[in-house]
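Please look over the sequence and the model below before reading on. The paragraphs that follow move from single residues to packed helices and then to the unusual points of the backbone.

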Amino acid sequence: MTRYAHITGWGMAIPDKIMTNDDISKIVDTNDEWIVSRTGIHERRIANAEETTASLATDASIQALQMANLPPEKIDLIIVSTSSPEHIFPATACLVQDSIGAVNAGAFDLSAACSGFIYALNVATQAIRSYSARNALVIGSETLSRMINWEDRNTCILFGDGAGAFVLQASEEPGGLLSAVMRSDGSGGNALSVPAGGSKYPTTAETVAKGMHYIQMNGREVFRFATRVMAHSSQEAVEQAQLKMSDINLIIPHQANQRIIEAAARGLNFPMERVMVNVDRYGNTSTASIPIATCEAVKSGRLVSGDKIILVGFGAGLTWGAAVIHWTGPFPGKRRVRPKSLRIWARFRSFLRRFIRRVEGKIWKGYF
Ligand code: UT7
C-alpha cells in the first residue's frame with residue numbers, strides 16, 4: 001500500500017534579543033539604508049549565552065510535537081539540519097533526542113547548509129514512504145552568529161539565529177511531500193564556507209589568527225547562483241508532482257535576500273503577494289528560515305489546510321533544492337503533549353541514565 005508523509009506539526013524558536021541595522025552600524029562601516037536596499041533585512045535575532053543550536057531546536061520541536069499531538073516516544077527518526085552544530089560530534093540531533101525524551105528514535109545531523117531543511121524533509125519522507133519510520137521530526141536550527149566575523153560587513157549584516165521544526169507522520173491518505181528536487185555543485189564550494197575547524201584545517205592558533213573559523217563568502221557569486229537555481233528547481237519540483245504553477249497557492253523560499261526572492265518570483269512569473277517573506281525581521285537563518293517562514297505563514301492565515309506550496313532554497317555546497325507539499329495539518333486527536341511535563345520528564349530520564357551509566361562504570365571497573 002502506498003504511504004505518504006504528512007506534515008502534522010510545526011514549531012519555531014527565535015531568541016528574544018533583536019539586533020537592528022543601526023546596532024550593526026555601530027560595529028562595522030555600514031548603514032540601515034544600504035542593508036535594507038541590498039537585502040531587505042531590517043533586524044535579526046541573536047542567541048544569548050544560554051541559547052544554542054540544540055536548545056532552539058528543542059524548543060521548536062516541543063511546539064511541533066504539541067501541534068501534532070504526538071508524544072516524543074512515538075518518534076522513530078530525528079534529523080537536525082544545521083551548519084552550526086553544537087559539536088563536530090556528537091550530533092546535535094542526539095542532544096535533541098535526549099532533551100525531548102524521544103527514547104525510540106534514531107538521530108543524525110544533515111549538512112546541506114541553507115538547503116538542508118528541504119534535503120532533510122525529503123530524507124525523512126523517504127524513510128516514512130519505505131516503511132522504515134512512521135513518525136519523524138525534522139528540524140532546521142542555527143546559531144550562525146557564533147561563526148560570524150563581526151568585523152566583516154560583507155557577512156555580519158546577513159545572518160540571524162533561530163530554529164524551526166516539522167513533525168512528519170505516515171498516512172495512507174494522499175498528501176504531504178509530493179516531490180523534491182535536491183542538487184549540488186561542489187565546484188562552487190569556496191563561494192561560501194567556514195574553512196577551518198574540520199579535518200583539512202584543524203583549529204590551530206594560526207587558523208584562528210587568520211580568521212579561518214569564520215564564515216567567508218563571495219556575495220556576488222552566491223547571488224548570481226541563487227537567482228539562477230531558485231526558479232528552475234521550483235519548476236522541476238512542480239512538474240515532478242504532476243502539477244502546474246497555477247496550482248500553487250504559496251511559495252515559501254529560503255529567506256536570504258529580498259532581491260533574490262523577487263528575482264525567483266519574476267523567473268516563475270508568480271505574484272509576490274503569494275510569496276512568503278520575513279527576511280526583514282529575521283535576516284538569513286540559513287536552514288531554519290523555511291520552517292520559520294512556514295510557521296508564520298500558518299499563523300497569519302496565509303497557509304491553510306488543502307493548500308499546495310513550494311519550498312525552495314539554496315546555499316553553501318553549493319546546494320539547492322525545492323519541494324512541493326500538499327499541506328494538510330494535524331491528525332485528529334486529543335492533546336497528549338504537555339510541554340512542561342515533557343521537559344521535566346526528559347530531564348529526569350536523562351539524569352537517571354547518566355547516573356546508571358556511572359554506577360555501571362563503577363561495577364565493571366572491578367572486572368577490567
Ligand atoms: O544563504 C546563502 C547566504 N548568502 C547569500 O544569500 C548572499 C547572496 N549575496 C547577497 O545577498 C549580496 O551579494 C550581498 C547583500 C552580500 C551584497 O550585495 P551586493 O549588491 O552584491 O553588493 P556588492 O558585494 O556588489 O558590494 C557593493 C559595494 C562594495 O563596494 P565597492 O567595492 O563597490 O566600492 C562593497 O564593499 O558595497 C560595499 N559593501 C557594503 N557597504 C555598506 C559591502 N557590504 C557592505 C555593507 N555596508 N554591509
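**A walk through the predicted model**

Leaving out residues up to four places away in sequence, Arg 183 touches Ser 233, Thr 319, Trp 320 and Gly 321. The model in which these contacts appear is a predicted one. Arg 183 is found in strand 8, which covers residues 176–184, and this arginine is partly exposed, with 16 other C-beta atoms within 10 Å. One of its partners is remote in the chain: Arg 183 and Trp 320 are 137 residues apart in sequence, yet their C-alpha atoms are 5.3 Å apart in space.

A second residue to find in the model is Thr 143, which lies in the loop between strand 6 (135–142) and helix 6 (153–156). Is Thr 143 buried or exposed? Because 28 other C-beta atoms lie within 10 Å of Thr 143, this residue is buried, the cut-off for that class being 20 or more. Apart from residues up to four places away in sequence, Thr 143 touches Ala 47, Thr 52, Thr 53, Ser 84 and Asp 161. Thr 143 and Ala 288 are 145 residues apart in sequence and 9.8 Å apart in space, taken from C-alpha to C-alpha.

Thr 53, one of the residues that Thr 143 touches, also leads to the packing of helices. Two packed helices are described by the angle between their axes and by the distance between those axes. Helix 3 (residues 53–68) and helix 4 (residues 92–100) pack at an angle of about 50°, with their axes 9 Å apart. Helix 3 is therefore oblique to helix 4, and the crossing of the two is right-handed. On the side of helix 3 the contact is made by Thr 53, Ala 54, Ala 57, Thr 58, Ser 61 and Ile 62, and on the side of helix 4 by Thr 92, Leu 95, Val 96, Ser 99 and Ile 100. Sorted by class, the contact of helix 3 with helix 4 has six nonpolar residues, five polar residues and no charged ones.

Another pair of helices can be read in the same terms. Helix 8 (219–240) packs with helix 9 (residues 258–268) at an angle of about 40°, and their axes are 9 Å apart. Helix 8 and helix 9 are therefore oblique to each other, and helix 8 passes helix 9 in a right-handed crossing. The contact is made by Phe 223, Ala 226, Thr 227, Met 230, Ala 231, Ser 234 and Gln 235 of helix 8, together with Ile 260, Ala 263, Ala 264, Gly 267 and Leu 268 of helix 9. The residues of this contact of helix 8 with helix 9 divide into eight nonpolar, four polar and no charged.

The interior comes next. Which residues of the largest nonpolar core touch the most other members? Of the 112 residues in that core, they are Ile 78, Ala 124 and Val 138, while helix 3 gives the most to this core, with nine residues. Leaving aside its neighbours within four places in sequence, Ile 78 is in contact with Ala 93, Val 96, Gln 97, Ala 102, Ala 105, Ala 107 and Leu 137. Helix 11 (residues 289–299) is mostly covered, since eight of its 11 residues are buried. These buried residues are Ser 289, Ile 290, Pro 291, Ile 292, Ala 293, Thr 294, Cys 295 and Ala 297.

The backbone itself deserves a last look. Most residues other than glycine have a negative phi, and most peptide bonds are trans. Asn 69, although not a glycine, has a positive phi of about 55°; Asn 69 is placed in the loop between helix 3 and strand 4, and is partly exposed, with 18 other C-beta atoms within 10 Å. Gln 242, again not a glycine, has a positive phi of about 60° and lies in the loop between helix 8 and strand 11 (250–253). Gln 242 counts as exposed because it has 10 C-beta neighbours inside 10 Å. Just after helix 11, Gly 301 takes a positive phi of about 80°.

Cis peptide bonds complete the tour. The bond from Phe 89 to Pro 90 is cis, with omega near 5°, and Pro 90 has its place in the loop between strand 4 (77–81) and helix 4. A cis peptide bond also joins Gly 317 and Leu 318, with omega about -10°, and Leu 318 is in the loop between strand 12 (308–315) and strand 13 (319–326).

Methods:
Residues numbered from 1 in each chain as written. Predicted model: local features only at pLDDT ≥ 70, side-chain atom pairs only at ≥ 80, totals over all residues. Axes fitted to C-alpha atoms, helices over the stretch in contact; angles between N-to-C directions. Helix = DSSP H or I, 4+ residues; strand = E, 2+ residues; numbered from the N terminus. Parallel < 35°, antiparallel > 145°, perpendicular 65-115°, else oblique. Left-handed = near helix turned anticlockwise from the far one by under 90°. Contact = placed C-beta atoms within 7 Å. Nonpolar A, V, L, I, M, F, W, Y, C, P; charged D, E, K, R; others polar. Core = buried A, V, L, I, M, F, W, Y, C linked by C-beta atoms within 7 Å. Buried ≥ 20, exposed ≤ 12 C-beta atoms within 10 Å, placed from the backbone.
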